[in-house]
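Biologist: I'm new to this one and would like to learn how to read it feature by feature. Could you put it on the screen and walk me through it?

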Amino acid sequence: MKKITVVGTGYVGLVTGVALAEIGHHVVCLDKDAEKVELMCSGISPIYEAGLEGYLAHHLRTERLEFTTDPAAALSGAELVFIAVGTPELADGSADLSYLREACITVAEYLNGPAAIVIKSTVPVGTNDLMEHLINEHTLYPISVVSNPEFLREGQALYDTFQAERIVIGSEDKAAGELLQKVYAPLARPVFHTDRRSAELIKYASNAFLATKISFINEMAALCDELGANVEDVAWGMGMDTRIGHSFLKAGAGYGGSCFPKDTKALVQIAKEVEHDFQLMKAVIDINDFQRHRILKWMKDHYPDMRGLRIAVLGLSFKPNTDDIREAPSLKLIEVLIECGADIVAYDPAAISNAKKMLGERICYAYSVEEAIEKADGCLIVTEWNEIKETPIEVYSFLMEQAVVFDGRNCYSLEDAKRAGVTYYSVGRPRIHNEQFIH
């Protein structure tokens, strides 16, 4: 391969560029953000992702990876161009394609020869057809657009690239699809070829199904609360059936992040445009939105008046091993607790700087679990970081003013909570009511 260009160095673009360099390709990453490009050129990753910065720095040294803001330098001589720009949510839930259109026009204007354009951005069905037409309106060279959706989990993105369960290639041009397969060949992972529209829908369908499993088990957790059952036992028994499996059957505070909330709502809009009422997906979204209210009800029932109470919040990112707070349940929960008059002190191993941009000085920030919970009247666990799960539950009873833990991720066993003398609320499991430790 002479040269590969990646347009956009957000989460997907940067991981893609680094991974392609690792498997032997020469990759130039293009981004408009000069400050971010300068950071990456110095070997520093602008996003928190385990292992990414090491690969980035290594391939700057091997000279297989470059970063630039110059589209002419990035696109000259490129045979394959990956576009990985954001498609954020509009007010009605549909995808905003303005960044994608801008990127496609830039690519068309600066290419100086035939090329295949690979769109990794998550886009509504038919978008790749439209982008191929748009690009060919702005270039003299034959261009084919290939749909290549990503299936990366934040915190495990490199693993999901190098050990991908499948690589989906949607193409109307057989040669372009085969060219992309050759690029990925060093990964030696299963490749599934289909048409562009099916590839686009595979991405939405995959995320929608996983979100459905999460909302389903959270509804089962609510039922367990009423019936006195244990949702963890229910989920494990269900998951032993290989048709169901154990993954994504963990009750908690609900899903968040940049994909599930956006993609489930976009799929409802996609269906609406062809006059299909996607009732199941609407219910999945409603259940997820309501999940935080279940957790807040625990707290409001326990504290009739939260004014002046010190509440520790452990975990701000939407999931462990990332600093991403987009659609994080923690933010919505904190906003309500502030409205209730509580004084919040929050801790997260990676997401504090991002949280400060959203919450500012309305809350206090701690830099360890112990600092956050010391003298607290209650503790709310929202993200199941290992550091939080590995903190002995006895520490809460020792440090807190009142040892009351509202665990939105079921980090501790009921037996340990009982033995530690902690009043313990968890999702879909019996409550542990102990004498509160008041220091």
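Biologist: Let's start with a helix. Is H11 mostly covered or mostly open, and how many of its 14 residues are buried?

Modeller: One thing before we begin: this is a predicted model. As for H11, it is mostly covered, with eleven of its 14 residues buried. Among them are Phe260, Pro261, Leu267, Val268 and Ile270. Lys262 and Asp263 are on the buried list too.

Biologist: What covers the buried residues of H11?

Modeller: The cover includes helix H9, residues 196–227, and helix H12, residues 279–302.

Biologist: How do I check the length of H11 against what its 14 residues should span?

Modeller: Count 1.5 Å a residue, using one less than the number of residues. For residues 260–273 that gives an expected 20 Å, and the end C-alpha atoms are 20 Å apart, so the two agree. After H11, look for Glu275, which has a positive phi, near 60°.

Biologist: Which other residues have a positive phi without being glycine?

Modeller: Glu63 is one of them, with a phi of about 65°. You'll find Glu63 in the loop between H3 and strand S3, and its relative accessibility of 62% makes it exposed. Ala188 is another, at about 55°. Ala188 belongs to the loop between H8 and strand S8 and is exposed, with a relative accessible area of 62%.

Biologist: Now the rings. How do people describe an aromatic pair?

Modeller: With two things: the distance of the centres and the angle of the planes. In this structure there are ten aromatic pairs. Take Tyr48 and Trp385: the ring centres are 6.4 Å apart and the planes meet at 70°, so we call the pair edge-to-face.

Biologist: Where do Tyr48 and Trp385 lie?

Modeller: Tyr48 is in the loop between helix H2 and helix H3, and Trp385 is in the loop between strand S12 and helix H16, so the pair ties together parts that are 337 residues apart in sequence. Tyr48 is partly exposed at 38% relative accessible area, while Trp385 counts as buried at 5%.

Biologist: What about Phe82 and Tyr184, how are their planes set?

Modeller: Their planes are at 75° and their centres 6.4 Å apart, so that pair is edge-to-face. Phe82 sits in strand S4 and Tyr184 in helix H8, so this pair links parts 102 residues apart in sequence. Both Phe82 and Tyr184 are buried. Rings can also link up into a group: Trp298, Tyr303, Phe406 and Tyr425 form a cluster through ring pairs.

Biologist: Which charged residue sits over the ring of Phe151?

Modeller: That's Arg166, whose charged end is 3.7 Å from the ring centre. Have a look at Lys356 as well, which lies over the face of Tyr365 at 5.3 Å from the ring centre.

Biologist: On to cysteines. How many disulfides does the structure hold?

Modeller: Zero. To see why for a given cysteine, check the distance between sulfurs, which has to be within 2.5 Å for a disulfide. For Cys104 the closest cysteine sulfur is in Cys29, 17 Å away, so that is too far for a bond. For Cys224 the closest is in Cys411, at 18 Å, again too far. Cys224 is buried, at 4% relative accessible area.

Biologist: Which residues is Cys104 in contact with, leaving aside its neighbours within four places in sequence?

Modeller: Ile83, Ile119, Met131, Leu134 and Ile135. Cys104 is part of helix H5 and is buried at 0% relative accessibility.

Biologist: Last topic, the cores. Where do nonpolar side chains tend to be in soluble globular proteins?

Modeller: They tend to be buried together. Here the largest nonpolar core has 70 residues, and those touching the most other members are Leu314, Leu337, Ile373, Ile381, Tyr396 and Tyr424. Helix H13 gives the most to this core, with five residues. Try clicking on Leu314: leaving aside neighbours within four places in sequence, its contacts include Tyr347, Val369, Ile373, Ile381 and Tyr396. Apart from that core lies another of 39 residues, among them Ala103, Ile135, Phe260 and Ala266.

Biologist: So Phe260 and Ala266 bring me back to H11, where both are buried.

Note on methods
Residues numbered from 1 in each chain as written. Predicted model: local features only at pLDDT ≥ 70, side-chain atom pairs only at ≥ 80, totals over all residues. Heavy atoms only, no water. Helix = DSSP H or I, 4+ residues; strand = E, 2+ residues; numbered from the N terminus. Buried < 20%, exposed > 50% of the residue type's maximum accessible area, 1.4 Å probe, protein only. Contact = heavy atoms within 4.5 Å. Phe/Tyr/Trp six-rings, centres within 6.5 Å; stacked < 30°, edge-to-face > 60°. Lys NZ or Arg CZ within 6 Å of the ring centre and 35° of its normal. Core = buried A, V, L, I, M, F, W, Y, C linked by side-chain atoms within 4.5 Å.
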